[in-house]
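I opened my notebook to get to know a structure that is new to me. I wanted the overall picture before the details.

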Amino acid sequence: NISFAIRTLGVIFAYGLLGLTLNWAFQPELAASGFGFNFSELSLDAKNALIRDFNAFFLASFVFAILGVITLNSAWFFSAGIIYICAGIFNLIAIYTHGTDYNQIFVGEFLLGIFPLALGIIISYQKKKAKV
C-alpha cells in the first residue's frame, strides 16, 4: 500500500529532523560544529540566535512532516520541503552574492527539500488518480 510507504518514509524523515532538533537543544556545541561554527567563540547573542533559529527550523519541519504522516495531506510535506529548498537557495545566494565561505551544506538542504516534496507529489498524484 502506497500510504503505508509514504507514512513510513515520512516518519523516518520526521525523526531525523527531531534528532537534529534535540541535538541543537541539548548539545549545541556539537551541533554547531557540524555546521562549521566554533560555538565557544560566538557571542552570547549569536549563540542564542543559532540555538533558537535552528531549533525552530528543525522542529517546525518535524511537525509539518508528522502532520503529513497523520493526515496524508501533501501540503504538509510541501511545507517541509519548501523550507529546505529555500535554505539551499539562500545558502547559494550567500556564497555567490555575499562572498561567504563555500560549503556543501546546501547539498543536504536540497536533499532534505526534495525528499518531502517527492512524498507530497506522490500523495497528490494518488489522490488525483483516485478521483479519475
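These are my entries, from the whole chain down to single residues.

**Entry 1: the whole chain.** I noted at the start that I am looking at a predicted model. I went through the secondary structure and found 5 helices and 0 strands in the protein chain. Reading along the sequence, I wrote the pattern down as α-α-α-α-α. I then looked up the box filled by the C-alpha atoms, which is roughly 60 × 35 × 20 Å along the principal axes.

**Entry 2: surface and contacts.** How much of the chain counts as buried? I got 29% of the 132 residues. For the accessible surface I wrote down about 8000 Å², with 69% of that belonging to carbon and sulfur atoms. I also checked contacts between residues at least 6 apart in sequence, and 63% of them join residues at least 24 apart.

**Entry 3: the largest nonpolar core.** Which residues touch the most other members here? Out of 14 residues in this core, I listed F13, L17, W24, F54, F58 and Y84. Next I asked which helices supply the core, and found that α1, α2 (28-34), α3 (44-71) and α4 (74-97) each give at least two residues. The top contributor is α3, with 5 residues. Apart from this core I found another one, made of 6 residues, including I6, V69, F77 and L119.

**Entry 4: Y84 up close.** I picked Y84 from my list and looked up its neighbours, leaving out residues up to four places away in sequence. Y84 touches F13, L17, F57, F58 and S61, and also E109, F110, L112 and G113. Two of these names, F13 and L17, were already on my list from the core, and so was F58.

**Entry 5: a nonpolar patch outside.** I turned to the surface and found a nonpolar patch of about 260 Å², made by L9, I12 and F115. I followed up on I12, which sits in helix α1 (residues 2-26). Is I12 buried or exposed? It is exposed, because its relative accessible area is 57% and the cut-off for exposed is over 50%.

**Entry 6: charges.** Side chains of opposite charge can pair when their charged atoms come close, so I went looking for pairs. My count came to 1 salt bridge. The partners are D53 and R52, whose side chains meet at 2.9 Å, N to O. I checked how open to the outside they are: D53 is partly exposed at 42% relative accessibility, and R52 is partly exposed too, at 48%.

Methods
Residues are numbered from 1 along each chain as its sequence is written. This is a predicted model: local features need pLDDT of at least 70, side-chain atom pairs count only at pLDDT 80 or more; totals for chains, interfaces and linings use all residues. Side-chain values use heavy atoms; hydrogens and water are left out. Patches are made of residues with over 30% relative accessible area and no salt bridge: like charges are joined within 9 Å, nonpolar side chains (Val, Leu, Ile, Met, Phe, Trp, Tyr) within 5 Å. Accessible areas come from the Shrake-Rupley method with a 1.4 Å probe; for residues, only the protein chains shown count as cover. A salt bridge is a side-chain nitrogen of Lys or Arg within 4 Å of a carboxyl oxygen of Asp or Glu. Helices (H or I, at least four residues) and strands (E, at least two) are DSSP runs, numbered from the N terminus. Buried means under 20% relative accessible area, exposed over 50%, partly exposed in between (1.4 Å probe, protein chains only). A nonpolar core is a set of buried Ala, Val, Leu, Ile, Met, Phe, Trp, Tyr and Cys residues joined through side-chain atoms within 4.5 Å. Contact means heavy atoms within 4.5 Å.
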